[in-house]
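Trainee: I should like to go through this structure step by step, with the reasoning behind each value made explicit. Where shall we begin?

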Amino acid sequence: MIGFLVLLCVVALVLINVPIAVALCIASVAAMLATQGVASLPNVPLALYQGATSFPLIAIPLFILAAAIMNTSGISHRLIDFCQALVGWMRGALAQVNVLSHMFFAEISGSAVAGVAALSPALAETARAFGATRAQQILYVSLPASLPSVVAALRLGGALVIVGVIVAQMLGAADGLGYLITRHRTLLNSPGVYAGIVLVLGITGMHEILLRRLEQKVAAYRQS
Amino acid sequence: MTFRSFRRGYERFLEWICIALMAALAAEVTAGVVFRYSGHSLVWYDEVATILLAWVTFYGSALAVLKHAHMGVPEIVRMLPPGPRVAAAVVAQLCTLAFFVLLAWVGYSILEILVADRLVSLPQVSVAYANSVIPISAVLFVVGQLLVFPEVLREARGEARRAEESA
């Protein structure tokens with residue numbers, strides 16, 4: 001019950017434009033006061049501090065710093081120029097240069113995604129200049145522009161979902177494909193295990209083929 | 001000193017804190033890697049790095065207030081009519097303010113308890129120094145929140161004027 005109230009409190013605070021992080025804090029403090037009283041308050045600064053002192057998270061500010069240094073010093077531009085010189089003569093050079101520069105420095109991915117995201121507003125602006133209504137803008141500009149990402153997300157996400165379901169069945173279910181594989185493995189029945197694996201392969205293959213069909217349908221202008 | 005120049009100076013001050021902490025973090029992690037490769041690992045390197053990360057986070061959150069950079073959902077409030085919009089903005093600001101005043105007070109009160117605790121890898125340093133970031137940044141956050149309060153109010157009202165004009 002109190003958990004539900006906390007959730008409600010967070011949503012209400014977020015909806016009146018309290019920053020999300022602060023909304024989480026306020027709701028938790030309210031719940032602590034309601035259930036454990038004032039004596040539990042010293043936990044608040046301790047928990048906040050503990051949450052921030054995580055060694056793996058140090059990568060985040062350092063990556064941002066690295067990207068900022070690369071962008072302001074022109075390293076990323078030179079890198080792209082270099083890749084342009086290497087593979088720029090190929091057909092579809094934009095994609096080749098993109099992939100190659102990412103191979104050199106995965107850090108640029110942040111700004112590359114931003115560049116892709118920045119394209120859509122420019123297109124929407126053009127559509128508005130030609131007198132498109134808001135619905136038309138969404139239907140003819142935003143939706144087609146985002147379709148490749150949506151289909152790619154479906155392909156990647158769908159595969160992850162299949163993997164997730166099967167692993168979950170292996171660990172905690174009493175039925176299903178994952179359970180079948182685990183059971184036959186426990187019984188040292190290798191053909192049974194491979195039958196399960198081949199079935200999983202079949203499912204993911206079907207998923208891949210179906211989504212590729214879908215991609216050809218909805219994003220026909222995209223070659224490859 | 002005018003209000004505006006104070007706000008600008010305050011923002012500059014917080015920016016320099018964050019720049020210094022960020023530079024210290026980068027240098028410290030680099031030094032840690034170099035020392036480790038040369039076979040003389042620093043014992044305290046990861047603990048100090050996590051403390052610096054926490055400091056960057058909390059001082060940065062105070063700076064983010066001045067830059068209106070805290071993630072929120074302003075869309076719903078913007079759809080409201082002018083009166084409720086100003087009310088919602090004021091309530092949101094007061095809630096945030098109340099939380100950070102509370103945090104500053106509680107954070108300060110636990111420091112004297114933590115004085116006795118020592119860092120694991122640097123026993124001569126008290127945990128209270130590392131934890132001091134909570135009350136200090138909470139106070140900085142509150143000051144920043146008060147400084148941007150007129151801007152938030154103006155935005156809530158200013159958009160109201162535009163909405164009335166278009167209606």
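Mentor: We begin with a definition: the expected span of a helix is 1.5 Å times one less than its number of residues. Please bear in mind that the model is predicted.

Trainee: What span does helix H1 of chain A reach from its first C-alpha to its last?

Mentor: Helix H1 of chain A covers residues 2–15 and has 14 residues. At 1.5 Å a residue, the expected span is 20 Å. The helix is close to that expectation, reaching 20 Å.

Trainee: Which residues of H1(A) are buried, and where do they lie around the axis?

Mentor: A residue is buried when its relative accessible area is under 20%. In H1(A), this applies to Val10(A), Leu13(A) and Val14(A). Seen down the helix axis, these buried residues fall within an arc of 100 degrees, so they line one face of the helix.

Trainee: Which helices do the buried residues of H1(A) pack against?

Mentor: The packing involves an element of chain A together with an element of chain B. The partners are helix H2 (20–36) of chain A and helix H4 (82–114) of chain B.

Trainee: How much area do chain B and chain A bury between them?

Mentor: The size of an interface is often given as the accessible area lost when the parts come together. Here 38 residues of chain B are in contact with 28 residues of chain A. Carbon and sulfur atoms account for 85% of the buried area, which is about 2,800 Å².

Trainee: How many salt bridges and how many residue pairs in polar contact are found between the two chains? Which element gives the largest share of the side of chain B that touches chain A?

Mentor: The rule finds zero salt bridges across the interface, and the count of residue pairs in polar contact, both at pLDDT 80 or more, is one. Elements giving two or more residues to the side of chain B that touches chain A include helix H2 (45–66) and helix H6 (133–166) of chain B. The largest share, 13 residues, comes from H4(B).

Trainee: Is Thr50(B) buried or exposed, and which residues of chain A does it touch?

Mentor: Thr50(B) is found in helix H2 of chain B. Its relative accessible area is 11%, so Thr50(B) is buried. The residues of chain A that Thr50(B) touches are Ala52(A), Thr53(A), Ser54(A), Phe55(A) and Ile58(A).

Trainee: What percentage of the residues in chain B is buried?

Mentor: Chain B has six helices and zero strands. Of its 167 residues, the buried portion is 44%.

How values were computed:
Residues are numbered from 1 along each chain as its sequence is written. Chains are lettered from A and ligands numbered from 1 in the order in which they are written. This is a predicted model: local features need pLDDT of at least 70, side-chain atom pairs count only at pLDDT 80 or more; totals for chains, interfaces and linings use all residues. Side-chain values use heavy atoms; hydrogens and water are left out. Helices (H or I, at least four residues) and strands (E, at least two) are DSSP runs, numbered from the N terminus. Buried means under 20% relative accessible area, exposed over 50%, partly exposed in between (1.4 Å probe, protein chains only). The arc is that of the directions from the helix axis to the C-beta atoms. Contact means heavy atoms within 4.5 Å. Buried area is the accessible area (1.4 Å probe) that two parts lose on being put together, summed over both. A salt bridge is a side-chain nitrogen of Lys or Arg within 4 Å of a carboxyl oxygen of Asp or Glu. A polar contact is a pair of N or O atoms within 3.5 Å; within protein, one must be able to donate a hydrogen and the other to accept it, and residues adjacent in sequence count only if both atoms are side-chain atoms. Lists of a residue's contacts leave out its neighbours within four places in sequence.
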